[in-house]
Amino acid sequence: MAFGGVVAMNQVNLTIREGEIFALIGPNGAGKTTAFNVVTGVYRPTSGQVRFAGQRIDGMKRYKVTKAGVARTFQNIRLFHNMSALENVMVGIDAHHRTGAIGAVLGMPWHYREQRHGRERGLELLEFVGISHRAHDTAKNLPYGDQRRLEIARALGTDPKLLLLDEPAAGMNPAEKQSLQELIRRIRDDGRTVLLIEHDMGLVMHISDRVAVLDFGQLLAMGTPSEVQKNPKVIEAYLGAEADAS
């Protein structure tokens, strides 16, 4: 992926296995978020392909990537701040509903069925992420950690096969991070694949099945957390004392 003369990703070849938690790490500017944007259709890659479940998805419009089974959260939380937590999740669920504006205005029977389903499913997802008691609170009034969980619930509302989490632990205290680890494992155990960007090396090494390290847009190393921790290039460039402490 190139932007003019700047190559943000160069020959990055990643294969994420179904049902695993895969972490993408590296310093700011390494190309991690660019990778997310290429996968989710924000950017069309300058060269190469993105394939998901046997289907080529690079160049697809973002809503089609979502319908194909890929969802994401963002490094900077993006919620509908004046809507309730439940309404935010229902927006995600609506991605797979067939009622358009005309059906809603005319009050077609399936419109009300989809509304009921969206509300019921939304409450289930809020329970799943641990904030069902906040269902009717306005999103902007939620504590920071609950806003992170709400964004995950909204992404899950699209029923993704692959969930991309962009620095979900940012700004969380240790207790919140521990709870987040448990949530990510539950998401994987619920039959979904997780691709994770995260700067917290403790979280990454404890939760990931495999880890890839980017360095200036190139793949520096890839393997299990143990293999990556022992890689001299990774230790020197990124982990440093944290690798020794673990």
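How many helices and strands does the protein have? In this predicted model, the count comes to 11 helices and 10 strands. The chain runs to 246 residues, and 46% of them are buried. Contacts tell a bit about how the chain comes together: taking those with a separation of 6 or more, 67% link residues 24 or more positions apart. As for the outside, about 12700 Å² is exposed, with carbon and sulfur atoms supplying 49% of that area.

Now for a closer look at strand β9, which spans residues 210-215. This strand is mostly covered, with five of its six residues counted as buried. β9 has pairing partners to describe, starting with strand β3, residues 21-25. Here the two strands run in the parallel sense, and four bridges join them. One of the residues involved is Phe 22, whose bridge partner in β9 is Arg 210.

β9 also pairs with strand β10, made up of residues 218-223. This time the pairing is in the antiparallel sense, and it extends over five bridges. Within it, Leu 214 has Leu 219 of β10 as its bridge partner. β9 and β10 form a hairpin, with just two residues sitting between the strands. What does Phe 216 do in this hairpin? The backbone there takes a positive phi, near 50°.

Put together, β9 pairs with β3 in the parallel sense and with β10 in the antiparallel sense, while five of the six residues in β9 are buried.

Terms used:
Residues are numbered from 1 along each chain as its sequence is written. This is a predicted model: local features need pLDDT of at least 70, side-chain atom pairs count only at pLDDT 80 or more; totals for chains, interfaces and linings use all residues. Side-chain values use heavy atoms; hydrogens and water are left out. Buried means under 20% relative accessible area, exposed over 50%, partly exposed in between (1.4 Å probe, protein chains only). Contact means heavy atoms within 4.5 Å. Accessible areas come from the Shrake-Rupley method with a 1.4 Å probe; for residues, only the protein chains shown count as cover. Two strands pair if DSSP finds at least two bridges between them.
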